[in-house]
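Hi,

Here is the structure I said I would pass on. Have a look at it first, and then read on for what turned up.

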Amino acid sequence: MSAAPDPAADPAGAPTSWRERLQPVRDLFATRTGVVTVALVLGVVLGLVVADAMDEDADDRARRAVDTQLLPLVVDADGIWTSSDARASVSDALVALRNDVDPRPVERHLDEWLDAYDTAIIKVAGQSLPPSARPVQRQVIAGLTLSRDAVELLGHAAAVSRVTDQQIEAERLQVEELLVEVGRLRQRSEQLLQGARAATGDLVGDPNVVRPDVGPLQPVTPFPPRPA
């Protein structure tokens, strides 16, 4: 007499009860290799979750590092050009040379300004920042270097202005063009530093948001027209 068919098995003899279906999993845990395999899978999944959380934390740390380590140095360096206290400022000397053809303020403080910019650039470059903040750091260095180049050019313009005592038109035009280029370099420097500040916001920004601050730089002051 044939045995009655097992209702827990399909016609092909495959197990259909939940206990039988879980048997391969129990067998896997019963071996050392199976335990290691499951542990590796769980480790990968946990690692992905932790890595995602760490990415967010890294952006926050980068933003805080820029705010606390870089921006104060940028503000201090900007005072070299725009200082309104007792210290001589580059902007005041530029106005004096442009309006009064007086090179003395530039000549008196040129080395001081160049040394101050060199010190500021070294301080910025010496900051230890998270990797995601380093592009901002490099942009700040480039911006400060442009301002330093503008000061160096201002010193050259002051030297050229010394030959304008006889009011030679060609020499005066050369000085004017040099001063315009000083302003152009400074404008580019400010644009770079503004871009660095915007990049700081991107560290914790929503990548899906269209940023209107990304685009070509604004034109700088044009050179004066040369006489026909």
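Let me start with the charged side chains: Asp 78, Arg 186 and Glu 190 are joined in a network of salt bridges. Do keep in mind as you read that this is a predicted model.

There are two links in that network to look at. One is the salt bridge between the side chains of Asp 78 and Arg 186, with an N to O distance of 2.5 Å. Asp 78 sits in helix H2 and Arg 186 in helix H6, so this pair ties together parts of the chain that are 108 residues apart in sequence. The other link is between Arg 186 and Glu 190, where the closest N and O atoms are 3.3 Å apart. Here both partners belong to helix H6, and they are four residues apart, about one turn of the helix.

How buried or exposed are these three? Arg 186 is buried, at 5% relative accessible area, because anything under 20% counts as buried. Asp 78, in contrast, is partly exposed at 31%, and Glu 190 is also partly exposed, with a value of 34%.

Helix H6 has another pair for you to find. Glu 181 makes a salt bridge with Arg 184, and their closest N and O atoms are 3.0 Å apart. The two are three residues apart in the helix, which puts about one helical turn between them. Glu 181 is partly exposed, with a relative accessibility of 23%, and Arg 184 is partly exposed with a relative accessible area of 23%. In general, side chains of opposite charge can pair when their charged atoms come close. The count for the whole model is seven salt bridges, and the ones described above are among them.

Now for the inside. How many cavities of 30 Å³ or more does a search of the whole structure find? The answer is one, and its volume is about 30 Å³. Its lining is made up of Val 66, Leu 71, Val 74, Val 136, Val 140, Leu 193, Ala 196 and Arg 197. Three elements each give two or more residues to that lining: helix H2 (32-82), helix H5 (134-161) and helix H6 (169-202). By type, the lining residues divide into seven nonpolar, no polar and one charged.

If you want a place to begin, try helix H6: Arg 186 and Glu 190 pair up there, and helix H6 also helps line the cavity.

Cheers

Notes
Residues numbered from 1 in each chain as written. Predicted model: local features only at pLDDT ≥ 70, side-chain atom pairs only at ≥ 80, totals over all residues. Heavy atoms only, no water. 1 Å grid on protein atoms, 1.4 Å probe; cavity = no way out; pocket = protein on both sides within 12 Å on 5 of 7 lines; lining within 4 Å. Points joined across faces, edges and corners; volume = space filled by probe spheres on them. Nonpolar A, V, L, I, M, F, W, Y, C, P; charged D, E, K, R; others polar. Salt bridge = Lys/Arg side-chain N within 4 Å of Asp/Glu carboxyl O. Buried < 20%, exposed > 50% of the residue type's maximum accessible area, 1.4 Å probe, protein only.
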